Amino acid sequence: MIERLRARDAASVLRSVAMTESSSTRLARDIRSHIPPRADVLGFVELPASDALVWEAAVSFLGVRNNDRHTIYAYAMARALLDLLPNADAEVVRSAILLHDVGWSTVAERDVLEAIAPGGGRHELVRQHEVEGATIARAVLTNLGRRSEVVDEVCSIIDGHDTRSAPISLEDSIVKDADKLWRITPDGLDVIRGWFQLSDDETLRLVCARVHESLFTEEARAIARGFAASAAIDLAPQRVRLPDRSASLR
């Protein structure tokens, strides 16, 4: 306890010292009074209580293929798309995206990556995760007391979210797009690089080739272009050659 207090006090002293003199990379005054509360910030995503209950029920089924990370970021993408497509049923979309991959828990872990690997794939396992996922989702949502029409629509979306070539509704389009958008986020690129043991450049090229043309909404295409452009600049020689000034910002 004493050591933690000493460490906290030392950090406080360092912050105080750092704020005594301005430089081109550090302002010597506190600007926190100008930061708005979370509720007033456009795009600041948090799970409301109703979604948190679905997440807590789903997460025990998301232990394979980094599906827990994938799902929570895909949820964020769905929330962003819902802001841009307000005619969609938000309850259906949010529930479906949180539960869309729970069916992978029924597939042997050694087979999961082979099921989705480029140049191969196991369609029957992809289909299995959809069918079993819809069954799990129905049990979860029914247990939570969700309306039967919501449960039915969510299950219809999950049962085909990967193998169905055309969306059956606006809500289905959003779920499909949010699912794929994760791949091109920083988290998605990091996970996929590890799955297939690729370089940063190879990962970005693979993901871009498989994401851009598979999206259904213009809003998702714009989001994907932004993520791709930023990731590409991270690899550009002009960016790579810039000096690392991160130490001066700490």
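Which residues have the most contacts inside the largest nonpolar core? They are Ile-97, Leu-99, Val-154, Ile-174 and Leu-181. That core has 48 residues. A second, separate core has 7 residues and includes Val-64, Val-107, Val-112 and Ala-115. The model described here is predicted.

## Overall build

The protein chain has 250 residues, and 35% of them count as buried. Its secondary structure comes to 12 helices and 0 strands. Read along the sequence, the pattern is α-α-α-α-α-α-α-α-α-α-α-α. Along its principal axes, the C-alpha trace spans about 60 × 45 × 40 Å. Contacts often link distant parts of the sequence. Among those between residues at least 6 apart, 66% join residues at least 24 apart.

Leu-181 of the largest core gives an example. Not counting residues up to four places away in sequence, Leu-181 touches Met-77, Leu-81, Leu-215, Ala-220, Ile-223 and Ala-224. Two of these partners, Met-77 and Leu-81, are among the buried residues of α3.

## Helix α3

Helix α3 covers residues 67-84. At 1.5 Å a residue, its 18 residues should span 26 Å. The end C-alpha atoms are 25 Å apart, which agrees.

The buried residues of α3 are Asn-67, His-70, Thr-71, Ala-74, Tyr-75, Met-77, Ala-78, Arg-79, Leu-81 and Leu-82. What do they pack against? Their partners are α2, α4 (90-99), α8 and α11.

## Helix α10

Helix α10 runs over residues 200-211 and has 12 residues. From its first C-alpha to its last it reaches 16 Å, close to the 16 Å expected at 1.5 Å a residue.

Thr-203, Leu-204, Val-207 and Val-211 are the buried residues of α10. Why do they line one face of the helix? Seen down the axis of α10, they fall within an arc of 95 degrees, so they share one face. The face turned away from that buried side carries the exposed residues Arg-205 and Ala-209. On the buried side, the packing partners are α8 (170-181), α9 (186-196) and α11 (218-235).

## The largest pocket

The largest pocket has a volume of about 590 Å³. Its lining is made of 28 residues. Which of them lie nearest its centre? Those are Ile-116, Asp-162, Lys-180, Arg-183 and Arg-210.

Several helices contribute to the lining. α5 (109-116), α6 (123-143), α8, α9 and α10 each supply at least two residues. Helix α10 therefore has two roles to describe: its buried residues pack against α8, α9 and α11, and it supplies lining residues to the pocket.

## Four residues to look up

The table gives the place and relative accessible area of four residues.

| Residue | Place | Relative accessible area |
|---|---|---|
| Arg-65 | loop between α2 and α3 | 14%, buried |
| Ala-57 | helix α2 | 26%, partly exposed |
| Leu-144 | loop between α6 and α7 | 27%, partly exposed |
| Gln-197 | loop between α9 and α10 | 72%, exposed |

Arg-65 and Gln-197 can be read as a pair. Phi of Arg-65 is near 55 degrees, a positive value in a residue other than glycine. Phi of Gln-197 is also near 55 degrees, and Gln-197 too is a residue other than glycine. Is each one buried or exposed? Arg-65 is buried because its relative accessible area of 14% is under 20%. Gln-197 counts as exposed because its 72% is over 50%.

Leu-144 and Ala-57 each have a C-alpha distance to a residue far along the chain. Leu-144 and Ser-50 are 94 residues apart in sequence and 9.2 Å apart in space, C-alpha to C-alpha. Leaving aside neighbours within four places in sequence, Leu-144 is in contact with Leu-53 and Val-54. Ala-57 and Val-102 are 45 residues apart along the chain, and their C-alpha atoms are separated by 10 Å.

Conventions: Residues numbered from 1 in each chain as written. Predicted model: local features only at pLDDT ≥ 70, side-chain atom pairs only at ≥ 80, totals over all residues. Heavy atoms only, no water. Helix = DSSP H or I, 4+ residues; strand = E, 2+ residues; numbered from the N terminus. Expected span 1.5 Å × (residues − 1). Buried < 20%, exposed > 50% of the residue type's maximum accessible area, 1.4 Å probe, protein only. Arc of directions from axis to C-beta. Contact = heavy atoms within 4.5 Å. Core = buried A, V, L, I, M, F, W, Y, C linked by side-chain atoms within 4.5 Å. 1 Å grid on protein atoms, 1.4 Å probe; cavity = no way out; pocket = protein on both sides within 12 Å on 5 of 7 lines; lining within 4 Å. Points joined across faces, edges and corners; volume = space filled by probe spheres on them.
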